[in-house]
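User: I'm new to this one and keep tripping over the vocabulary. Could you walk me through the terms as we look?

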Amino acid sequence: MSKKIGVLTGGGDCPGLNAVIRSVVRRSIVHGDYEIVGIKHGWRGLLEMDTSPLSRRDVQGILHRGGTILGTSRTNIYKDEATKKQAFANYKKLNLDGLVAIGGEDTLGIAKKLTDDGLNVVGIPKTIDNDLMGTDFTFGFDTAVEIATDALDRLHTTAESHDRVLVCEVMGRHAGWIATYSGLAGGADCILIPERPIDMEEVCEMVWRRHKGGVFFSIIVVAEGAKLKGHEEVLSSKHLDDFGHVQLGGIGQVLGKQIEDKTGYDTRVTVLGHVQRGGNPTAHDRVLATRYGVAAMDAIHNGHFGVMVALDGKNVVEVPLARVAEGIKTVDDDLYDMSKTFWGY
Ligand code: F6P
């Protein structure tokens, strides 16, 4: 009898999810004797028994497409005992032999708990934020960095034409990976991340230094989770999701106002928002997602459960899902300090 494997995508969507889904299905055909079933809208689909079969035909033509054909949600089945019980009962009712959970810290946190509670789960690390422990890179990150870098290139030409300071707020939650990589790639004059409280004197000094040097525009990248020294994160909403996350957003405006007030220079703010998560994945993300999908299906075929497939240097490896629960992966000090070489000149 063929084995039945569920696949779901949870949390915020990101480019490359469809590439993974396709890859899991295609690899299952190579191994033979597998039936793949898509669980709709993340863990919500497990609660609602909302599923659909995933055949080779169902995953044709999706490799390059952003979003997820399965839909996603931020549903937390461990929110209370009743939903947890329901999820377990439905896993059995669906006759699943295993489950591939594609997600970030929340989705994979649940995957870890399900493993501890005896279910067969394999995780795949996705998020534009690149903040997952246990892997060098998540897929989706490269695409987000490309989009943010393109935005910075565009902001450069208009900033230069108007002699303005342009602040660009990017996503990343509590980690500054997108800000650091796009800031480096886009030649930002200052990069501000959640890992380092913002020193307004330092930021304004940088802007003045450029002016004194005869350059009358500046580009500042700020991560949505960055905080002014002595202050809390700026929130766009206090509403908590199922995992207790608030919505971050607004630090760009706060920063822009302070820069304009303190320096007197004309300042504008751009918030990139969900544009960073939409559209087609880069070739790099398509390849990484494809490799992760193959590795996840191989893990299942070999009976390796309770693991997350991960990138370690050039290799895709398996690490215990427990690694994800260690906390978030923040930006390396060395990398961030190196970026200062390019500030303010
Ligand atoms: O985790 C990915 C991410 O895009 C974060 O960078 C951002 O803070 C959050 O999701 C936004 O979530 P939502 O789409 O629910 O507003």
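Analyst: Sure, starting with polar contacts: a polar contact is a pair of N or O atoms within 3.5 Å; within protein, one must be able to donate a hydrogen and the other to accept it, and residues adjacent in sequence count only if both atoms are side-chain atoms. Between domain 1 and domain 2, seven residue pairs are in polar contact, both residues at pLDDT 80 or more. This is a predicted model, where local features need pLDDT of at least 70, side-chain atom pairs count only at pLDDT 80 or more, and totals for chains, interfaces and linings use all residues. Residues are numbered from 1 along each chain as its sequence is written, and side-chain values use heavy atoms, with hydrogens and water left out.

User: How do you know where domain 1 and domain 2 are?

Analyst: The bounds come from an automatic or database domain assignment. Here, domain 1 covers 3-139 + 281-326 and domain 2 covers 143-278. Their centres, taken over C-alpha atoms, are 33 Å apart.

User: What makes residues of domain 1 and domain 2 count as being in contact?

Analyst: Contact means heavy atoms within 4.5 Å. By that rule, 19 residues of domain 1 are in contact with 17 residues of domain 2.

User: And what area do domain 1 and domain 2 bury between them?

Analyst: About 1600 Å², with 53% of it on carbon and sulfur atoms. Buried area is the accessible area (1.4 Å probe) that two parts lose on being put together, summed over both.

User: Why is the pair Asp242 and Lys79 called a salt bridge?

Analyst: The term needs a side-chain nitrogen of Lys or Arg within 4 Å of a carboxyl oxygen of Asp or Glu. In Asp242 and Lys79 the closest N and O atoms are 3.0 Å apart, so the pair qualifies. The rule finds two salt bridges across the interface of domain 1 and domain 2, and 16 in the structure.

User: What about Asp13 and Arg277?

Analyst: Their side chains also form a salt bridge, at 3.0 Å from N to O. The two sit 264 residues apart, with Asp13 in the loop between β1 (3-9) and α1 (17-31) and Arg277 in the loop between β11 (267-271) and α9 (283-301).

User: Which atom of the ligand does the side chain of Arg277 approach, and why is that a polar contact?

Analyst: An oxygen atom of the ligand is 2.9 Å from an N or O atom in the Arg277 side chain. That is within 3.5 Å, so the pair is a polar contact. For the side chain of Arg74 the distance to a ligand oxygen is 3.0 Å, while a polar backbone atom of Gly172 is 3.1 Å from one.

Note on methods:
Helices (H or I, at least four residues) and strands (E, at least two) are DSSP runs, numbered from the N terminus.
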